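User: Hello! I'd like a close look at one part of this protein, with its surroundings filled in as you go.

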Amino acid sequence: MVEQSIWMQKVAADPGHSQWYIERFRSMARAGQDLAGEARLIDAMVPRGARILDAGCGPGRLGGYLAEAGHTVVGVDVDPALIAAAEQDHPGPRWLVGDLAELDLPSRGIPEPFDIIVSAGNVMTFLAPSTRVQVLGRLRAHLDDSGRAVIGFGSGRDYEFSQFFDDAAAAGFTPDVLLSTWDLRPFTENSDFLVAILRPSSA
């Protein structure tokens, strides 16, 4: 067994946390707010019909958009409540409950590697620190050798960007492009958010 994620620790401490999170995004969607900025970047990086893994998919806002755009999407999240919301609000992708530190999609009937993997919404900062390299390694194992992983999270969440770069390297990734926003602003030493586009080190 791997260490329980910070997210599930929050859920254990506050059983209403997941539903609060789900309703927060439903409310934003009803208000007409733009919830697909990350997904538009991913869509622009791949051809039609790409195989996309939404790692830490939450209630499905990104995977749902990408499926509607014509891609084959698998979404994985450790929180069953979020997966249930994704199934209800965004039918189309295949939504699975699972810990990213133990990700093994071939054992669940999904043997093909992915063209691109996206992990948005500060997913990396909700992992148990002891599992970070393991999670990145599992993502690398599910990525096609010509594919890319796109990971975004903010500073001030007990995961320094420099440590992330070290962890990514240990897991077999090399930075391709570093951005400070999902709308393509460059990453600098003063950036308070990172969008890292990574490629396999062997590529």
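Which residue in E2 stands opposite leucine 53?

Analyst: Happy to help. Please keep in mind that this is a predicted model. The residue opposite leucine 53 is valine 74, in E2. The two strands concerned are E1, residues 51–55, and E2, residues 72–77; they run parallel and are joined by five bridges.

Let's step back to the whole sheet. It is an open sheet of seven strands with mixed pairing, and its order reads E3-E2-E1-E4-E5-E7-E6. The edges are held by strand E3 (94–97) and strand E6 (173–179); each has a single partner strand, so one side of each has no neighbour in the sheet. From one strand to the next, the twist averages 20°. Helix H6, residues 132–141, packs on this sheet and touches E1, strand E4 (114–119), strand E5 (143–154), E6 and strand E7 (193–200). The direction of H6 makes about 145° with that of E5.

Another helix that meets your pair of strands is H4, which covers residues 61–68. Its buried residues are Arg61, Leu62, Gly63, Gly64 and Leu66. These pack against E1, E2 and E3, and also against helix H2 (17–30) and helix H3 (37–45). Just after H4 comes glycine 70, with a positive phi of about 105°.

H3 deserves a stop of its own, since glutamate 38 has its place there. Is this charged side chain's residue buried or exposed? Glutamate 38 has a relative accessible area of 12%, and because the cut-off for buried is under 20%, glutamate 38 counts as buried. Not counting residues up to four places away in sequence, glutamate 38 touches Arg61, Leu62, Ala120 and Trp182. Two of these contacts, Arg61 and Leu62, are also listed among the buried residues of H4.

From here we can move to the pockets. The largest pocket has a volume of about 760 Å³ and is lined by 41 residues. Nearest its centre lie Tyr21, Ala120, Gly121, Asn122 and Val123; Ala120 is also one of the residues that glutamate 38 touches. The elements giving two or more residues to this lining are H1, H2, H3, H4 and E2, so your strand E2 takes part. H2 gives the most, with six residues. By class, the lining of the largest pocket holds 21 nonpolar, ten polar and ten charged residues.

The second largest pocket contains about 280 Å³ of space. Of the 13 residues that line it, Phe25, Ala29, Leu35, Arg61 and His90 are the closest to its centre. H2 and H4 each supply at least two residues of this lining, which divides into seven nonpolar, two polar and four charged residues. Arg61 therefore turns up again: it is one of the buried residues of H4 and is in touch with glutamate 38.

One last stop is helix H1, residues 6–13, where lysine 10 lies. Lysine 10 counts as partly exposed, at 38% relative accessibility. Leaving aside neighbours within four places in sequence, lysine 10 is in contact with His17 and Phe126. The C-alpha atoms of lysine 10 and alanine 84 are separated by 18 Å, with their positions 74 residues apart along the chain.

Notes
Residues are numbered from 1 along each chain as its sequence is written. This is a predicted model: local features need pLDDT of at least 70, side-chain atom pairs count only at pLDDT 80 or more; totals for chains, interfaces and linings use all residues. Side-chain values use heavy atoms; hydrogens and water are left out. Two strands pair if DSSP finds at least two bridges between them. Helices (H or I, at least four residues) and strands (E, at least two) are DSSP runs, numbered from the N terminus. Axes are lines fitted to C-alpha atoms, for helices over the stretch in contact, and angles run from 0 to 180 degrees between N-to-C directions. Contact means heavy atoms within 4.5 Å. Buried means under 20% relative accessible area, exposed over 50%, partly exposed in between (1.4 Å probe, protein chains only). On a 1 Å grid over the protein atoms alone, a cavity is a set of points where a 1.4 Å probe fits but cannot get out, and a pocket is an open set with protein on both sides within 12 Å along at least five of seven lines; lining residues have an atom within 4 Å of a point. Grid points are joined across faces, edges and corners, and a volume is the space filled by probe spheres set on the points. Ala, Val, Leu, Ile, Met, Phe, Trp, Tyr, Cys and Pro count as nonpolar, Asp, Glu, Lys and Arg as charged, and the others, Gly among them, as polar.
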